[in-house]
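Please look through the structure below with the sequence beside it. The text after it takes up a sheet, a residue and a pocket in turn.

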Amino acid sequence: MGKVIAICISEKKGTKKDEVDSINIIEDFGLEGDAHGGNWHRQISLLGKEEIDDFNSRGGNVSYGDFGENIVTEGIDFKSMKIGDRLKVGPTLVELTQFGKECHTRCEIFHRVGDCIMPKFGVFAKVIKEGTIKSGDLIEAIL
């Protein structure tokens with residue numbers, strides 16, 4: 001079992017996301033008000049706090065949302081999961097659709113930070129069951 005550490009959204013793609021305390025997650029869309037929402041397979045992006053902490057320990061100096069991630073998790077071993085596995089995030093349910101994402105162009109995040117960990121550690125999902133989530137909510141892997 002893991003938990004939600006931070007929730008982040010932005011109005012434009014390719015930019016840093018800002019932290020919010022809670023958010024509505026909409027079925028077949030994603031996070032309300034987030035630029036990546038829509039009817040496609042990458043409605044929500046997740047990134048482990050552990051990867052962010054490791055990046056910062058090497059001088060990264062990044063904050064939550066800097067890599068464009070929607071949900072920062074703690075205690076979820078994404079490496080043991082596969083496409084189609086599901087996560088119960090608070091009252092919602094999401095299904096993993098993609099691991100990693102190669103960037104076609106260098107976005108604002110890469111230019112500001114000098115590196116990006118989303119291609120290697122980012123996880124993407126679509127929303128199966130909607131609801132409102134908040135920081136501190138539990139996350140359960142449903143394998």
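Two strands count as paired if DSSP finds at least two bridges between them. The model shown here is predicted. In general, the strands of a sheet pair through backbone hydrogen bonds, either parallel or antiparallel.

One open sheet in this model has 3 strands in the order β4-β3-β10, and their pairing is antiparallel. β4 (30-31) and β10 (131-134) are its edge strands, each pairing on one side only. Between β3 (residues 22-26) and β10 there are 4 bridges, in the antiparallel sense. One position to look at is Asn 24, whose bridge partner in β10 is Thr 132.

Next comes a residue in a loop. Gln 43 sits between β4 and β5 (44-48). Is Gln 43 buried or exposed? Its relative accessible area is 2%, and because buried means under 20%, Gln 43 counts as buried. Polar atoms of the Gln 43 side chain lie 3.2 Å from the backbone oxygen of Asp 28 and 2.7 Å from the backbone nitrogen of Val 127. Leaving aside neighbours within four places in sequence, Gln 43 is in contact with several residues, among them Phe 29, Leu 31, His 36, Asn 70 and Ala 125.

Last is the second largest pocket, which holds about 220 Å³ of space. Its lining is made up of 14 residues, and Glu 51, Asp 77, Phe 78, Lys 79 and Phe 121 lie nearest the centre. Helices α1 (49-57) and α3 (118-121) each supply at least two residues of this lining. By class, the lining has 5 nonpolar, 4 polar and 5 charged residues.

Definitions and conventions:
Residues numbered from 1 in each chain as written. Predicted model: local features only at pLDDT ≥ 70, side-chain atom pairs only at ≥ 80, totals over all residues. Heavy atoms only, no water. 1 Å grid on protein atoms, 1.4 Å probe; cavity = no way out; pocket = protein on both sides within 12 Å on 5 of 7 lines; lining within 4 Å. Points joined across faces, edges and corners; volume = space filled by probe spheres on them. Nonpolar A, V, L, I, M, F, W, Y, C, P; charged D, E, K, R; others polar. Buried < 20%, exposed > 50% of the residue type's maximum accessible area, 1.4 Å probe, protein only. Polar contact = N/O pair within 3.5 Å; in protein donor to acceptor, adjacent residues only side chain to side chain. Contact = heavy atoms within 4.5 Å.
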